[in-house]
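User: I should like a close examination of one part of the model shown below. Please treat it as a packing problem and set it against the rest of the fold.

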Amino acid sequence: MTAGRDRAPTTVAQSPEDLRLRIKEYLVETLAHLFKYNGLISIGVSGGSMPKIICDALKSIENLEWKRIRLFMVDERFVPLTDPDSNYGQYLSHLPAEYHQYIVPVEMMETTTKTALQYEVTLKASLCPEQIGRLPRFDILFLGIGPDGHTCSLFPGHRLLKADTLSWVIAIDDSPKPPSKRVTLTLAVLNAAKNVAFIATGDDKATVVKSILERDPQYPCSLVRPFNNKLRFFLDKGSASKL
């Protein structure tokens, strides 16, 4: 379903199983193209309800070339790996141990600033060398939508949205949503990706999803506009209820 001439392609799933199937189909189609031209495929993933959705979709793809895939966290909370708020920990828990080697870790350092710097070093060592200028080109990014319109750990009205930085990863110590300490990819990195897909579920996001699809600039999600315009939205009936 695509509504509105200027609206990004938007799929509304009728059930959780249908949502997983639609995301699986998107992955199969996108990966088929990427596998033709790339060595390793870089996929950035979000937390919240997304680990189960993405992991179930990946596990359902027959004969997936896992050795050519790397999963990266688009943001991470400054918490121990065993904490339920750890995005990396959630992906480890939702994928069999045999696939853990394909999930790139976020190493927690003494501070969020050092953690951001270390994760950027990890990204530069792990990502394929393709870049736009000084920015990395993730092959696929799966981004979430918060009820306040935030994505990754980029929040409405926060100073980091306007930060003039060449960094790939930045630290945030005053997140309005707990936990307060986090690291996140920058908006510039998100917009340099080859393919970006937002996933949103729940009635509580219906109003903000409508505004984001109408590109209301007060929401960080609305500021995600990939250079090549390959942007998709995957919604459930609840989050799409006001479209």
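The request is stated next, and one connected answer follows it. Which residues of helix α2 are buried, and what covers them?

Analyst: The model is predicted: local features are reported at pLDDT of at least 70 and side-chain atom pairs at pLDDT 80 or more, whereas totals for chains, interfaces and linings use all residues. Residues are numbered from 1 along each chain as its sequence is written, and side-chain values use heavy atoms, with hydrogens and water left out.

Helix α2 spans residues 50-59. It is mostly covered, with 7 of its 10 residues buried (buried means under 20% relative accessible area, exposed over 50% and partly exposed in between, for a 1.4 Å probe and protein chains only). The buried residues of α2 are M50, P51, I53, I54, C55, A57 and L58. Their cover includes the helices α1 and α3 together with the strands β2, β3 (69-73), β7 (140-144) and β10. Helices (H or I, at least four residues) and strands (E, at least two) are DSSP runs numbered from the N terminus.

The packing against α3 (residues 87-94) can be described geometrically. The two axes come within 9 Å and cross at roughly 35°; axes are lines fitted to C-alpha atoms, for helices over the stretch in contact, and angles run from 0 to 180 degrees between N-to-C directions. The crossing of α2 past α3 is right-handed, that is, the near helix is turned clockwise from the far one by less than a right angle, an anticlockwise turn being left-handed. On the α2 side, M50, P51, K52, I54, C55 and K59 make the contact, and Q90, Y91 and H94 meet them from α3 (contact means heavy atoms within 4.5 Å). By class, this set holds 5 nonpolar, 2 polar and 2 charged residues. Ala, Val, Leu, Ile, Met, Phe, Trp, Tyr, Cys and Pro count as nonpolar, Asp, Glu, Lys and Arg as charged, and the others, including Gly, as polar. In α3 itself, N87, Y88, G89, Y91 and L92 are buried, and what covers them includes α2 as well as β2, β3 and β4 (75-77).

The helix α1 is a further neighbour of α2. I23 touches I53, I54 and A57, and also F142, I199 and F234, leaving aside residues up to four places away in sequence. I23 is also one of the residues, with L27, L31, I43 and F142, that touch the most other members of the largest nonpolar core, which has 77 residues. Such a core is a set of buried Ala, Val, Leu, Ile, Met, Phe, Trp, Tyr and Cys residues joined through side-chain atoms within 4.5 Å. Helix α1 (residues 16-37) contributes the most to this core, with 7 residues.

Strand β2 (residues 41-45), which appears in the cover of α2, contains S42. S42 counts as buried because its relative accessibility is 3%. Beyond four places in sequence, S42 touches R70, F72, L127, R137, F138, D139 and I140. F138 is also among the contacts of L185, whose partners beyond four places in sequence are V74, L123, F138, L154, W168, V169 and L190. L185 lies in strand β9 (residues 182-185) and is buried at 1% relative accessible area.

After α2, the loop leading to β3 holds N63. N63 is exposed, because its relative accessibility is 75%, and its phi is near 55°, a positive value in a residue other than glycine. A second such residue is R215, with phi near 65°, in the loop between α6 (206-213) and β11 (231-235). Another backbone feature is the cis peptide bond joining P178 and P179, with omega about -5°. For reference, most residues other than glycine have a negative phi, and most peptide bonds are trans.

The whole protein supplies the context. It has 6 helices and 11 strands. Its radius of gyration, 17 Å, is close to the 18 Å that the globule rule gives for 243 residues, so the protein is as compact as a globular protein of that length; the radius is taken over C-alpha atoms, and the rule is 2.2 Å times the number of residues to the power 0.38. Buried residues make up 54% of the 243 residues. Among contacts with a separation of 6 or more, 74% join residues 24 or more positions apart.
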